[in-house]
Each structure stands twice: as C-alpha cells, then as structure tokens.
Amino acid sequence: MAIVEQPSGPLALRGPSTVTPDVAYGVFRRPVATSGWKSWLFTIDHKKIGIMYGATALFFFLVGGIEALLIRLQLAQPDGKLLSADTYNQMFTMHATTMVFLVIMPMAAAFGNYLVPLQIGARDVAFPRLNSFGFWAFFFGGVFLNLSWFMGGAPDGGWFAYAPNTGVPFSPTHGMDFWVLALQITGLASLSGAINLIVTILNMRAPGMSLMRMPIFSWMILVVQFLLVFAIPVITVALVLLNFQRLFGATFFSVDAGADPLLWQHLFWIFGHPEVYILVLPSFGIVSEVLPVFSRKPLFGYPFVVFSGAAIGFMGWGVWAHHMFASGLGPVSVAVFTLSTMFIAVPTGVKIINWIMTMWGGRLVFTTAMLFAIGLIVEFTIGGLSGVTHAISPSDTQQTDTYYIVAHFHYVLFGGAIFGIFAGFYFWWPKIFGRMLSEKLGKWNFWLMVIGMNGTFGPMHIVGLEGQSRRNYRVIPGMGVSFWNMVETISSLILAVGVLLFVINVVRTNLRPRTAPLDPWDARTLEWMTASPPKDHNFDSIPAVHSIDEFFHRKYEEDEETGDFTKIATAEEILAEQEAHADAHMHLPSPSYWPMVLAFGLPVVAIGLIYNIVISVAGALIIILGVYGWVQEPSVADDSDYGPPGDATKELAAVE
Amino acid sequence: MQHRMIRRSGPLAAMAAGVVALAGCAQGDVPQSTMDPKGEYAQTIFNLSWPVFLIAGVIGVVVFAIIGVLIVRFRERPGHEETPKQVHGKPTLEIALTVLPAVLLAAIAVPTVNVLFDINAEPEDALVVNVTGQQWWWEFDYPSITGDDGLPLVTANEMVIPAGQQVRLNITSRDVIHSFWIPKLNGKRDAVPGRVHTWNLHADDPGEYWGQCTEYCGLSHTNMRMRVIALTSADYERWVAQQKTDARAAEDEAAALGEAQFKSLCASCHQVDGLKDAEGEQIVAQPQTQVYNGAAPNLTHLMSRGTFVSSNFDLLRPDCRLERDDLSVNDPEAFSAAYVEGTSVECLNKTQLEAWLRDPPAIFPMFVDPTQLEATDGKYRGMPNLNLTETQIDQLVSYLQTLK
Amino acid sequence: MSDITADVAVASSHEAGADHGETGHATTTGLSNNKLGMWLFLGSECLLFGGLISTYMLYRGRTQEGPKPSQIYDIPFTSISSFILLMSSLTMVLAVSASKHGDLRRTRLWLCATAGLGSLFVGGQVYEFTAFYREGLGFTTSLFGSSFYTLTGFHGVHVSVGIIMLVSLVAILLRGRIDGNRAEVVDIVGLYWHFVDIVWIVIFTLVYLIPA
C-alpha cells in the first residue's frame with residue numbers, strides 16, 4: 001500500500017507522488033514519469049484525465065465545427081455546388097455524431113472527472129484505472145470513427161441511422177460499420193465512466209457532505225451518470241443488431257424477412273431521448289454553480305433544482321416516441337407521448353424560474369462566465385418554448401424533419417449545453433490551470449457567439465415553418481427560403497469567429513500567463529478550497545462539511561441578529577490552516593499502462609471485423625494482454641516502492 | 001445592458017415579424033409553407049398551432065423582460081459592497097410557479113388530443129389513393145379506378161385529386177423509410193416498408209401543392225419531391241377518363257423510331273400501358289432484376305403531368321410554367337382546365353428532357369456507379385447513364401411527347 | 001460486451017479506489033466501491049438483456065422461413081441444462097459462505113464446482129446450437145434465428161466470462177490465505193454469477209416455455 005508520508009509544512013506538500021519501477025507487472029514496468037508527456041499518457045489522476053477529456057473534446061469541437069461550416073457554405077445559396085450529395089450526407093451524419101458523442105458527452109465527462117472529486121472532497125475517483133480506460137476508449141473510438149473519412153467514406157445514414165436505410169444495400173460503403181463500432185467503443189467509455197462517477201459520488205463524499213449538501217453540479221452529474229448506465233445498454237442492443245445485420249447477414253431489419261423497421265427507432269430513441277438530458281443536464285449544473293457565485297447569493301430553491309433534475313431524469317424515459325410522431329404509431333400512443341412530452345416542460349421550467357430567482361436581489365457581476373450563464377437561460381428558454389410548440393403532436397407533423405426542429409435542438413444543445421460548457425471554461429479555468437483567461441477577449445467571445453448563434457439558428461425557425469426540409473444537400477430553388485439561408489451562413493461564420501476567439505484566448509494565456517488569484521470569483525464550493533491548480537492529492541486535509549456552499553460559510557460569518565454576512569477569512573487563510581492540519585497518510589493510485597493498452601485493443605478488433613478477422617485476433621490478444629497486466633498489477637504500488645518524498649527522488653534518479 | 005437585452009430577444013422579434021410577413025405572402029412565393037393552409041387538415045392543425053406559438057411567445061417575452069429588469073436593477077455598482085441577503089428559497093412561490101405551467105399545459109393538452117384524433121379519423125366517402133415511396137420517387141395508384149388494362153390507375157409524383165373531396169391515403173414503401181408531406185394540405189406521415197399507414201388529404205380549391213419526402217432516405221433524399229394537383233370535379237373526371245386509356249402506337253416516323261428505342265432501352269423498367277412487343281403482347285416492365293427498389297415510374301401518360309423526375313424538373317417551358325403558376329394562384333378553375341390539357345408539344349421543355357436523357361445521374365444523384373455495385377449484388381438504384389447518342393435522344397423525345 | 005464484463009470484473013477484483021475501500025476506510029454508503037460498482041454494472045446489464053429479450057419477443061412470431069420455435073425446441077434437454085445452471089448458483093452461495101468463514105479449501109472446491117456446472121451449461125448450449133443448425137435454423141435464416149442466437153449467444157458469452165472469472169479466482173486462491181478483501185471478491189463474482197443465472201431463468205421462461 002502506497003503511503004505518502006506527509007510531514008507538515010508546505011515544502012513537503014509540493015513533493016510529487018512518485019512510484020519506482022522495482023517490480024515489473026506483465027511485460028512492462030510501472031510508468032514512473034511525473035512530468036512530460038508520459039506523465040499524461042499513463043496518468044490515472046482524475047484531474048489530468050479530465051483535462052485530456054476536455055482537450056480531446058475541444059479538438060473534436062473544432063472538427064465538428066468545420067463540418068458545420070461546410071454544411072452552411074453548401075446551403076448559402078440555392079443549388080450549392082461545394083459538396084456533392086454523397087459528401088453532404090456524410091457531412092451532416094458526422095457533424096451530429098461528432099458533436100453528440102465526441103464533444104458534448106466527453107466535455108461533460110471532462111468537467112465531471114475534474115470537478116466531482118474536488119466538489120465532494122475526495123482525493124480521486126473510485127476506480128482510477130477504469131477512469132483512464134474510459135478516456136482512452138473514448139479517444140480511440142473517436143479517432144477510429146474519423147478514420148472512415150480516409151477509408152472509403154464516412155457514415156452516411158444520419159446520426160439516427162434509421163433502418164433499413166443503414167443496411168448494406170442502401171449504404172454499401174464501410175462508413176456505417178465504422179459508425180456502429182465506434183459508438184460501441186465510446187459507449188464502453190461512457191458506461192465505465194458512469195459507474196465510476198456514481199460510485200465516487202455515493203461512496204466518497206467528505207464527512208458531513210450529505211447528498212442534500214452536495215454542490216448542484218455534482219448532483220446533475222450524478223443524475224446524468226444514472227441516465228448513462230441505463231441508456232447506453234439500450235443503444236448497445238440497437239448497435240449490436242445493426243452490426244450483426246451489416247457484417248454477418250442477420251435479418252433484424254430485413255423487411256423481406258418480416259422485420260419491423262420501427263424496432264430500430266424505438267431502441268434508438270429510448271436511448272436517444274435520455275441522451276438529450278445527458279447532454280444538457282451537466283450544463284444546467286454548471287450554470288447552477290456560476291449564477292450563485294456571481295449573484296453573491298445561494299442557489300434559489302436548491303431542493304427544487306435537485307428534484308427537478310431528478311424528475312427530468314425519470315420523465316426523460318417516458319417521452320421517446322415524440323421523435324416518432326410521424327412514424328405511424330397510431331393516435332393512442334401518440335396521445336400518450338404528447339402528454340408526457342408536454343409535462344416534461346414543467347421541471348425544466350422550474351429550473352429556469354430558480355435561476356432567475358437566484359439572480360433576483362443579488363449583486364450581479366458580469367464576468368464572461370456569468371454572461372454565458374445568462375445567455376444559457378435566454379437561449380434555452382427559446383429552445384424550451386419551441387419544444388413545447390412541437391410537443392403538440394398535430395403541429396409536429398408539420399414541423400418534424402424541417403429546419404424548425406434543427407432550430408429547436410440547436411437552441412437547446414448550442415444555447416444550452418455548449419453555452420454552459422463555455423461558462424464552465426471561463427469559471428473554472430483559473431482553478432484548473434492557475435491562470436486567468438482574458439475577460440476582455442472573453443466578452444468578445446461571448447457576444448460574437450450570441451449574435452452568431454441567434455443569426456444562424458433563429459432564422460431556421462422561419463425557414464422550417466416555410467417548409468424547408470432537413471438533411472437536404474441543397475436549398476431547393478423556388479422555396480422562398482434563400483434569403484434566410486444566406487443570413488444563416490453569414491451568421492455561422494460570425495459564430496465561428498467567436499469560437500476562434502476562445503482558442504486565441506487559450507493560446508494567449510499560455511504565451512503570456514497571468515497567475516490567477518486563489519479565489520478570483522469569491523466562490524462558494526469545495527473545489528475552490530484548494531490550491532490552483534490543485535495538488536495531486538487535492539486536499540491537504542479532507543474538509544468536514546457543515547452546509548451547502550461550505551467554502552462560502554468558512555469565508556463569511558452570519559450576524560445572528562441582522563442576518564448580514566461579513567467576511568471573516570480569506571481563501572489564503574483557509575488554505576494555510578488546511579496545510580497546517582494536513583492529513584498524515586494519503587493514498588494515491590499509481591500510473592498504469594494497462595488501461596490504455598486495453599482500450600487500444602478495441603478499435604483494432606473493430607477494424608478487423610470490417611476488413612479481416614486476423615486483425616481482430618490481434619486486437620483480442622492486445623485486450624487479453626491488457627486485462628492480464630491490469631489484473632497482475634495492484635492499483636497502488638506496494639509499500640516497498642515508496643519512501644519518504646526525499647528518498648523517492650533519489651531512487652528515481654538512480655533508475656534513470 | 002438594456003440595449004443588449006433588446007439585441008438578445010432579436011430572434012424572437014424576427015420570428016414574430018417573420019410570421020406576420022409570411023401571412024401576407026402570396027401562395028406561389030413559399031410553396032411549402034406550413035403557415036398557409038389550403039385544406040381542412042392543414043387548417044385544423046394551423047388553428048391549433050398558432051395560439052400555442054402566441055402563448056410561447058408571450059411567455060418568452062415575459063421571461064426576457066424579467067431578466068432584463070434584474071440585469072439592470074441588481075447589477076453590481078461601485079460602492080455596493082455588502083453581501084446580499086442569502087435567500088435559500090420560498091417553497092410556496094416555487095410550488096405556485098410549478099403548478100402554473102402545469103395547468104397551462106393541461107389546458108393546451110385538451111384541444112391537442114382532440115385535434116390529434118380528428119385528423120386521424122377515417123373520413124366518409126373518401127377517394128382512396130395508395131401511396132408508395134421508393135428511392136427516390138413516389139408512385140400513386142387509385143384502387144377504386146380500373147384502367148383499360150384491368151389494373152388500377154397508376155401515376156407517379158403528381159397525385160391528382162378532386163378539390164373539396166376527402167382523400168384517404170394508404171402509405172407504404174418499397175425499400176427504406178420515406179415520409180409523405182404536402183405542407184399546405186396536411187402534416188407528414190412516414191412511409192415504412194412492411195407497414196401501411198393511413199393519412200388524409202383535403203384541398204379546398206383547385207391548385208398545385210408542393211411537397212417532398214421528409215424522412216432521410218439516402219443519396220437523393222432532397223430530390224424526392226412530389227406534388228398534389230387538385231382539380232374541379234368535372235376536370236378530375238376528365239383526367240380519370242384520359243388516364244384509363246392505353247398509349248396509342250406511334251404515328252409519325254420519328255416517334256415510331258423513338259418507340260423502337262424505347263422498347264429496347266427503357267421498357268424493361270418503365271411501363272407504358274399499350275406498348276406491344278413483336279408478338280402483340282403487352283410489354284411488362286420487370287425491373288426487379290436490375291433495380292433494387294422495384295418499379296420505375298409508369299410513363300403511359302407522361303405528358304399529362306407538368307413535371308418529371310420526382311417533380312424536380314418542369315415538363316413545361318419556363319414561360320408556360322409561369323403562366324400555369326399564375327393561374328394556380330389567381331384563377332383556380334382555369335388552372336384546373338389547363339392542367340387536364342397536359343403538356344402540349346409547343347410548351348414541352350425539350351432542353352430539360354434531353355439533358356435528363358443525356359446523363360441522368362449527372363443532374364440527379366443516384367446509386368448507379370458500376371464500381372460500387374458489389375455490395376448490392378449488382379443492383380443499382382435509380383436510372384443509369386445509358387450513353388445515348390443525340391439521334392437516339394431526339395427519337396426518344398419524339399416518342400415521349402406522344403404519351404399524353 | 002464481454003469486454004465490459006471482463007473489465008468490470010477486473011476493476012472489482014483489484015481496484016482499490018483512491019482513499020476508500022481496500023484500506024478499510026468507511027464509505028459513505030457502507031457498501032464497498034467494488035460491490036457498488038458491480039451492482040451498477042448489473043443494473044446496466046438488465047437493460048441490455050431487456051433490449052435483446054424484447055427484440056426476440058417481437059420477432060419470434062414473424063418467422064417466414066426455416067423452422068419455427070415450437071418445431072425446434074427440445075424442452076426436456078433445455079430444462080436439464082437450466083437446472084444445472086440453477087444448481088451452480090447453489091454452489092456459488094456455498095463458495096461465498098466458505099470464503100466468509102475463511103475456509104480456503106472449501107472456497108476453492110465450491111468455486112470449481114460452480115465453474116464446472118457453468119461449463120456443462122455452456123457445453124449444453126453449444127450442443128443445442130449445433131442441433132438447431134442441423135435442423136435448418138441458421139443465424140441468417142429468419143428473424144427467429146437471428147434474434148434467438150443473438151439473445152442466447154449473448155447469455156452464453158456472459159456465462160463463459162463468469163467461468164473465466166471463477167477459474168482465475170481459483171488460481172489466485174491457490175496461493176496464500178483468504179482475507180476480507182478476497183472474500184469480497186468472491187462475493188462480487190457471486191453477484192455476477194447469480195445475475196447471469198436469473199437472466200437465464202427469465203430467458204428460459206419467456207423464450208422456451210411460453211408459446212409464441
């Protein structure tokens with residue numbers, strides 16, 4: 001058992017947790033690097049994994065964004081000639097798949113991984129190596145999916161992949177095979193991540209942190225992970241059926257053999273609708289953290305926000321068929337799903353009301369993070385209201401599969417999920433990297449994105465109601481929609497500039513670092529009660545929690561008579577006290593190669609399934625190797641591997 | 001900050017303005033508008049939709065106004081240092097604000113469910129039309145009307161119905177899922193292979209109503225378009241009578257040469273009722289051996305239609321088309337009469353027809369690339385390039401224009 | 001799918017967690033991380049089998065070609081193999097109980113017995129698949145064929161993964177003594193094994209016993 005002996009004093013606390021490679025497990029010795037790229041690749045530190053999730057997701061965000069721009073450029077004028085019909089179909093399939101599975105979901109995983117242990121006062125997640133496996137499975141899955149561009153064509157069946165159009169006769173390239181297999185791989189990533197975070201949240205909270213004292217972001221992450229645990233297997237079934245259909249000639253979607261194509265739709269949307277909440281609830285959590293901090297008030301109606309989140313989580317399972325109002329389910333089923341869909345608006349509305357009430361009576365500070373949070377409320381309200389208009393199922397028969405729906409879910413997913421993520425970037429950047437992003441650039445970033453997104457997606461409401469159909473590779477001349485399509489394209493470029501400013505902001509903060517104060521926003525929750533960036537072991541001493549907004553209550557004291565709060569301590573003082581009372585023993589998990597090896601085997605097996613089974617065998621061997629090494633290697637290095645921090649550096653030097 | 005709020009609620013204002021602008025639009029300008037209903041069902045849906053839009057709009061404006069007010073009122077000002085009152089919530093207010101939207105939604109739910117059952121109910125004395133989607137065109141057949149050949153009357157891409165009468169559709173598909181949608185007449189309904197879905201149509205007046213397939217169905221999904229043509233009852237009867245007849249044998253020499261070309265090049269996929277082989281037997285298109293999805297459009301009365309290739313191209317020359325569109329908007333009765341006349345030789349858009357015959361996949365993406373057919377057992381989907389010579393094209397056009 | 005199973009099995013047997021679990025620190029719920037993780041995984045598995053069973057139920061009556069379920073099922077044979085699998089749950093309970101008492105010899109014995117009974121069941125399934133195939137029910141023959149082989153095949157893979165876990169456990173227990181941690185690993189593998197058993201009861205009832 002690795003124990004970092006922890007003499008008091010700040011100097012010793014700086015010491016890295018190191019491992020010596022005395023013992024070889026399997027074929028490799030344990031990775032020991034504590035700096036450089038190796039320390040990242042083989043890390044099982046939840047913070048480094050969180051950052052890697054974020055960086056990879058940001059990269060895919062740019063990829064998906066470029067795909068979106070190509071789509072918009074094609075549609076700038078009627079009969080656009082930039083992309084062929086075939087390429088366009090691949091483009092919109094990959095844009096959606098990328099944004100959903102490779103951007104928003106992993107971005108939530110990034111924030112969840114990084115912040116949840118800090119918010120609940122834990123030293124790491126419950127299963128650190130499983131965490132690393134999750135990241136690498138997502139990473140390799142994403143790379144594998146995009147390989148299809150260079151191997152005969154990307155998937156072209158839409159992200160919803162309706163059978164039988166995704167069968168071999170109708171989609172003969174290997175694109176859909178890549179899609180089906182890649183989503184199974186990223187599904188494994190999500191499932192392992194979800195189990196990990198649930199166990200972490202349920203089992204590893206600091207003393208005194210009851211569920212109802214938990215920061216709201218961790219709550220929303222908890223709800224989302226439960227949704228994932230139950231939604232991922234459903235789409236896995238759908239993917240397996242399609243996989244067997246395409247590769248082994250199964251008959252699940254062969255109408256000639258008597259199959260019902262609606263089976264796919266039911267399976268897909270039973271996953272697909274909870275998926276919508278999987279995408280948007282983490283951002284709700286982020287906003288529910290940002291608004292109180294910059295309103296200088298606690299979240300209004302904390303239990304209502306928690307329960308409405310949980311209610312959305314439950315009700316989200318009962319509305320899937322509203323994606324199928326035109327599918328011919330029969331009026332009785334449609335009526336049932338119409339009602340359930342209309343009423344899921346209630347808990348969503350509760351959240352918006354609570355956010356507004358949080359700001360009411362506060363002292364609002366308009367930082368970039370706060371602007372994005374308010375932006376989310378506004379844009380999501382538009383998306384939510386347009387959602388109600390097509391919950392009305394007869395209206396939906398006019399609106400479904402038109403740009404009206406495209407407008408709706410971009411307001412929800414861009415104005416909701418992405419704005420929340422950007423609020424999170426600006427809010428937690430100083431915590432994660434110890435550096436400030438430029439607020440000035442940030443405001444340009446925000447306003448360009450707001451103008452760009454409303455200009456891009458706003459007119460889609462109009463052209464949708466004017467009958468412009470979705471997934472069309474060209475704007476059909478004579479439909480009376482050309483003007484707004486041009487407006488949309490120009491706005492999408494503005495939006496792109498907005499996003500680019502964020503990238504520039506990130507580059508700038510690296511070139512000209514500006515050290516962040518310890519508590520730049522006067523924040524309220526536990527993650528701020530540690531160094532920026534946090535030490536490897538997160539907290540010098542695990543704090544005991546007495547209330548929601550623990551950090552706030554340690555900084556401010558309430559006058560019992562007037563109810564006024566006055567500042568009694570600074571963050572620096574609180575941290576110094578923590579250091580002075582540092583825990584004597586801290587157990588940190590040790591780096592490992594095996595999760596990455598195991599994850600790497602997955603796409604190899606997948607490529608083999610498509611091209612040559614021999615490759616699959618090789619992949620299976622890699623997986624077996626990974627499992628074997630993983631089982632042989634204890635999750636933390638043995639006692640003998642460790643010495644006190646001083647000795648450890650010596651041993652390291654001897655090895656190198 | 002206030003002006004920012006105005007900018008932020010811009011899209012909503014634009015939406016409202018757009019809605020108003022749309023209402024004033026002439027029919028021809030936005031041919032697939034859902035806000036310009038021209039039949040009973042579309043009207044019923046629209047009557048249900050717009051109050052909901054209005055309510056949603058009002059709620060939106062109220063929410064944004066509140067946010068605007070609090071941004072101005074509660075922003076941090078210099079000298080404003082004290083920590084605000086730490087309010088944790090007001091349960092009564094919360095419950096009230098939860099119940100209120102629930103009640104509002106319940107109020108909307110009642111008419112919604114009513115309309116839902118209304119538009120799905122089977123109307124009495126309806127004309128039945130079977131709708132079959134396939135990549136990437138629509139076939140319509142009329143099971144209650146039998147042609148000279150003893151088979152139901154069949155046409156493609158332009159469905160002709162009598163104005164003012166109820167039409168019951170049985171919708172299905174031969175390959176993948178499609179969706180039938182004529183926005184001005186009714187919402188959409190999916191065409192699912194292996195299932196038959198019912199749906200209703202009704203047009204108040206004669207006219208030409210655009211639609212397109214709205215369930216993504218592969219390569220040329222965008223181009224899978226169709227029209228519903230509503231005629232006066234009298235004109236509709238004339239149209240039926242004319243559709244019942246078989247095609248006559250070609251009379252002039254050019255057409256006869258074209259007919260011969262048609263028999264050898266086209267007739268294996270495209271049926272022309274009345275087209276006889278050397279033994280005097282009807283030539284039956286048996287396309288299943290070559291094309292994945294089954295039949296190609298029946299061309300017996302091609303020139304009775306105003307468009308071809310899934311209503312993507314006009315059979316009418318641009319000037320004749322303008323004239324017809326004008327009638328469709330301004331003089332429905334005259335439009336009806338003109339439509340039954342079909343596309344005359346004078347008005348025929350020969351350039352377009354020739355361009356199509358020269359290289360179909362070039363102007364309408366189809367799955368006919370011979371190098372990609374391995375996965376589909378050599379079956380293609382759509383019309384391949386037949387590499388016709390200009391002479392062949394001329395002869396075929398001469399023949400096709402006789403198919404009235 | 002087997003990857004998930006293997007992975008979580010691995011995780012549950014050796015993942016220590018950062019600060020809790022193996023070191024004896026109390027967790028907030030009182031359940032160890034590993035056990036809670038396994039419960040969640042099994043919850044997820046319920047929906048996986050739920051989806052596969054639904055697919056089978058939807059499609060079993062739609063067979064157009066090839067043998068129909070009623071023509072091909074050998075209920076007595078499958079009843080016996082189901083009984084064998086059921087008995088393996090009993091031996092698993094005995095193994096868990098022995099491990100809790102620190103009885104290394106009996107733990108090994110009962111684990112071996114469980115693995116043996118499981119192997120018998122898988123062997124029976126292989127025999128059944130072969131027999132069905134000979135009678136004309138291929139994987140691609142009909143909807144019944146595709147959905148039957150997929151569902152029972154998935155279950156068979158789960159049983160096989162369980163057997164691998166049991167054998168590995170026996171191998172680990174060949175050395176050394178049995179302590180609280182190892183007893184918990186036995187317990188967790190037991191959870192998985194019982195789950196796979198229960199799923200089979202459901203499959204046997206819905207797929208074999210209730211006529212289409």
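**Exercise 1.** Find how many bridges join strand β5 of chain B to β8(B), and place the pair in its sheet.

*Solution.* Step 1: Strand β5 (residues 167–173) of chain B and β8(B) run antiparallel and are joined by 5 bridges. Strands here are DSSP runs of E with at least two residues, numbered from the N terminus, and two strands pair if DSSP finds at least two bridges between them. The model is a predicted one, in which local features need pLDDT of at least 70, side-chain atom pairs count only at pLDDT 80 or more, and totals for chains, interfaces and linings use all residues. Residues are numbered from 1 along each chain as its sequence is written, while chains are lettered from A and ligands numbered from 1 in the order in which they are written.

Step 2: Within β8(B), Thr198(B) is the residue opposite Asn170(B).

Step 3: The order β3-β2-β1-β5-β8 (chain B) describes an open sheet of 5 strands with mixed pairing. β3 and β8 (197–201) of chain B each have a single partner strand, so one side of each is left without a neighbour in the sheet.

**Exercise 2.** Follow the chain B strands β1, β2 and β3 through their two hairpins.

*Solution.* Step 1: β1 (residues 127–134) and β2 (residues 137–146) of chain B are antiparallel, with 5 bridges. Their hairpin has 2 residues between the strands. Thr132(B) faces Glu139(B) in β2(B).

Step 2: β2(B) is also joined by 5 bridges to β3 (residues 152–156) of chain B, again antiparallel. Thr146(B) has Pro152(B) as its bridge partner. This hairpin has 5 residues between the strands, and Gly150(B) takes a positive phi near 80° there.

**Exercise 3.** Describe the side of chain C that touches chain A.

*Solution.* Step 1: Contact involves 40 residues of chain C and 52 residues of chain A; two residues are in contact if their C-beta atoms, placed from the backbone, lie within 7 Å.

Step 2: The elements of chain C that give two or more residues to this side are α1 (2–14), α2 (33–59) and α6 (143–174). Helices are DSSP runs of H or I with at least four residues. The largest share, 14 residues, comes from α2(C).

Step 3: The residues of this side divide into 15 nonpolar, 19 polar and 6 charged. Ala, Val, Leu, Ile, Met, Phe, Trp, Tyr, Cys and Pro count as nonpolar, Asp, Glu, Lys and Arg as charged, and the others, Gly among them, as polar.
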